[in-house]
Structure formats: C-alpha cells, structure tokens
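Hi,

Here is the structure I said I would pass on. Have a look at it first, and my notes follow below.

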Amino acid sequence: TIETVCVVWSFTLEESTSSPNQRMTRYQILTLTSIASVNFSSMICYSILGPFFPKEAVQKGASQTVIGLIFGCYALCNLMGSLVLGKYIVQIGAKFMLISGLFVSSVCTILFGLLDKVPDGATFIILCFIIRSVDAVGFSAAMTSSFAVSTKVFPNSIATVLGSLEIFTGLGLILGPPIGGWLYQSFGYEVPFMALGCFLFLMVPFNMYILPSFDADPSKDSFFRLFTRLKIVLICFAIFTLSSGLGFLDAALSIYAIDTFNLSPGYVGLLLLGLSLPYCLASPLLGIVSDRFPSTRPWFMVLGGLFTATGFWFLGPVPILQIKSQLWLVVFMLGIIGFSLSMTAIPTFPEILDCAYENGFEEGLSTLGLVSGLFGAVWSFGMFCGPTLGGFITQQLSFEWAASVQGGLAFLAVCIIIINVFYIVLFITTRISDTLKKTDKADIWFWQFLDHGLPQLQMNR
C-alpha cells in the first residue's frame, strides 16, 4: 500500500532530514505519508488524458487550438485558485483545503468520463471547459496546501523533502499515461476516468484520518510584495518555461506520435515514461544536494535550462537542422527533458522561500502559503500558455516549430539567470574589495575569507 511504502521511504529520508541522533517523529511520518498519497493520486488522475483525449476530442469536433485551450483553461483556473487559496490558507485551514481539494478533483474526474455521452461540437467543448475548470480549483487547493504543509514540517530540509516527494509525483505521471491508455484501449473512454476518479476519492477519508491539523496566525504580507523582488521574478520566469514545455507536450505530443510513428494510445502512454521516469529518479538526489550545498542551486537551474532547451530543439527536431524525426530520438530527448526539469524545478521553491525570509517575511504557515500559491500560480500560467501557444503554432506551422519555441524560452531563462548570477558575484566581489581597502589588516581578513567565507569576514568587521 501507499502507506507502507511511505513509512519505509521515510526512514530512508531520516538521514537527510535529521541529525544523526534524531529520528523522524510520528507527526512527520504521517505528514509525509499524507502528502505522498496526495501527490501520487492527483498526478495519476491529471496525466491520464495525454495518450487518448486529444484524439477523442478531435473526433468530437474540437480543433488542435481548442484542445490546447481545454488543457490551458485547467492551468488558468489553477493559477487563480493558487493565488486566492495561497493567500487565505491560514483562514481556510491547511488540512480542510487539502481534503476538500481532493474531493472536488475526484468528482470532476469521474464526470469527465461521461463526456463521450454528450453531443459532438459546442456542447462537448463547453462541458470540457466547465469540468476542467472546477477540477483545476480542487487540484490547486490540494497542491498549494501540500507544498505549504511539507515546508512547515521540514523547514531545514525543504529541497530534500520536496525532491523526495517528487518520487510519488513522478510515479503518478509514470503510471497515469500507460494505465489510462491501456484502460482506454481495453474498455473505452469512460473506464479510465471512473477507475482513477474513484481511486482519488478513496484518498479523501485516508487523508482525513492520517493528516495532522495545523494552526497558525495570518500575516499582512501579500503576493505583490513577494513579486517585487527581482530574484523571485527571475526564478518565476524559469518556472514558467518549465511548465510551459510540459503543458505543450501534454496537448501536442500524443497526436504527433500517433500521426508520425503510427503508435497506439497505449504505446503513447509508454512513450511518456521517457519524460517521467528520469524526473522521478533524479529529484530526490538533486534535492539532497540542493539542501546540503545551497550555492549550487543557481547552477542547477542554468544547467537544467540548457538541457531543457537542447531537448526541445531536438525533439522535433528544429526544421532548419534538416534532421529526420525518429522514434529513438524522441524517447532520448524526452529523457533529457525529464532529467533537466528536475535540475531546474527542485531548487526554485527553497530559493524563493529563502529570498522571502531575507526580505522580512514572517516565518510561518502564512508565508509558506504565499510562496506555495505563487509557485502554483506561475506554474499554472506556464501550463496555460504552453498548450495554448503550442497548439496554435502546431496548427499553423508544425509540431517541430512549436517545440523549437519552447526550447527558445528555456534558453532565454538560462541567459537571464546567468546575468543575475554574475551580477551577484560582481556585487560580492566589489564589497570584498572595498572592505579590504579600508583596513590595515587586509591580509589577515583575506585569509579569513578564504577559510570561512563572507559571513566570517562580516562578523570580524
């Protein structure tokens, strides 16, 4: 069961999240078990659409652009839900928000499985928009709460815990497409949504029982103040490029693979393993490294962005390269993208949180809710723009050009992050130089800096 897996996994995680003489408490284990079950069940329901829904929607009279909008509206409503729910997580209650989000999402998943019974054309399209929009609000409630709760329970090992929890996110993304594709091929359109929707519904009483309650006081901080920090804006743009690329693949890859390689929906689901599996395997390790060596986070984002750009450029590949598209190349590039996504995404949340604390935000559930809501909102905005813009470019030009645009966005984020990193290095170097010039003990301080770093230098000053 999920609970058994989580308990075993939590004891493995202890070495990374606690000191050698301190074991994880029952409170922490129950929280990890709950959040892991939320990540797994939510993502498996989210990811089942990829292998077969675009094809089914085309048969129901939806164009490629409309399909992109259907995927995109989910992200747009997720964006608005994340902002509102992140702001009022203390007033609503983290546990209630998570459980009610699961309930809404499970009901909407089941209802989505009944859409093959409605008339083709406008009726089908309108109902798709309505159900997906409500589902998105439920999903945003569960995810915003899960991020905030995880960071509250493990404030000193945020990247490690979030990276480890991505194992279950990755498992959901891995199992969703092949299970959904197989159920669709074997039993038709309704069964995938009914089966996985009921599974998600079972997570409601499960989490009601095991998830602890969290008390906190609301703060006066706002998203506007959070978003006025340049560093946070740049990190948010990097998050946007990641989610935009994933949203594009959700909406366009299955049709491209079916038309180009004559794959069945079941094999398309297996194809998406190339994206999810590297992400699932790499996230825990990168989370541990990110927590133990915080200075590596910007460089993880830079390298991850470069790999992401390369993956999208060769996924098509870019038409100007005149390379013929081959199935092995698509699988390999999906693996590169999956690994690079974990390199870029895992460090972003703790970096935003550290920046918030450095700028005077209160340490507590209220600030965690704001950061979680901001992260979810920016991620959702990318998930809206990716399928919408990607679907339009695919319809007007080709899949290859649309993938090239996604690669260009990732490369632009890399350039911006590099400029910011070099600006920070230049600023620190200038401060050190000015400090050394103002003292007769410059040689002593210089060696102290080499031995202990800038904090020791400032303390002695």
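How much accessible surface does the chain have, and what share of it belongs to carbon and sulfur atoms? The total comes to about 19,600 Å², and 68% of that belongs to carbon and sulfur. Do keep in mind that this is a predicted model.

On the overall picture: you will find 19 helices and zero strands in the chain. Of the 461 residues, 57% are buried. I also looked at contacts between residues at least 6 apart in sequence, and 83% of them join residues at least 24 apart.

Two helix pairs are worth going through.

The first is H6 (residues 94-112) with H9 (residues 190-210). Their axes are 8 Å apart and the packing angle is about 165°. Since anything over 145 degrees counts as roughly antiparallel, that is the label for H6 against H9. The crossing of the two is left-handed. On the H6 side the contact includes Leu98, Ile99, Leu102, Phe103 and Ile110, while H9 brings in, among others, Phe193, Met194, Leu200, Phe201 and Val204. Sorted by type, the residues of this H6 and H9 contact come out as 14 nonpolar, five polar and one charged. Lys95 is also on the H6 side of the contact.

Just along from there, take a look at Leu211, in the loop between H9 and helix H10 (223-227). Leu211 has a relative accessible area of 2%, so it counts as buried. Not counting neighbours within four places in sequence, Leu211 is in contact with Ser34, Lys95 and Leu98. Lys95 and Leu98 turn up in the H6 contact with H9 too. There is also a link across the sequence: the C-alpha atoms of Leu211 and Thr31 are separated by 5.7 Å, although the two residues are 180 apart along the chain.

The second pair is H11 (residues 230-261) with H14 (residues 297-315). Here the axes come within 13 Å and cross at roughly 20°. That angle makes H11 roughly parallel to H14, and H11 passes H14 in a left-handed crossing. Leu242, Gly245, Phe248, Leu249 and Tyr256 from H11 meet Thr308, Phe312 and Leu315 from H14. This H11 and H14 contact divides into six nonpolar residues, two polar and no charged.

Cheers

Methods
Residues numbered from 1 in each chain as written. Predicted model: local features only at pLDDT ≥ 70, side-chain atom pairs only at ≥ 80, totals over all residues. Heavy atoms only, no water. Helix = DSSP H or I, 4+ residues; strand = E, 2+ residues; numbered from the N terminus. Buried < 20%, exposed > 50% of the residue type's maximum accessible area, 1.4 Å probe, protein only. Contact = heavy atoms within 4.5 Å. Areas by Shrake-Rupley, 256 points an atom, 1.4 Å probe, with all protein chains shown as cover. Axes fitted to C-alpha atoms, helices over the stretch in contact; angles between N-to-C directions. Parallel < 35°, antiparallel > 145°, perpendicular 65-115°, else oblique. Left-handed = near helix turned anticlockwise from the far one by under 90°. Nonpolar A, V, L, I, M, F, W, Y, C, P; charged D, E, K, R; others polar.
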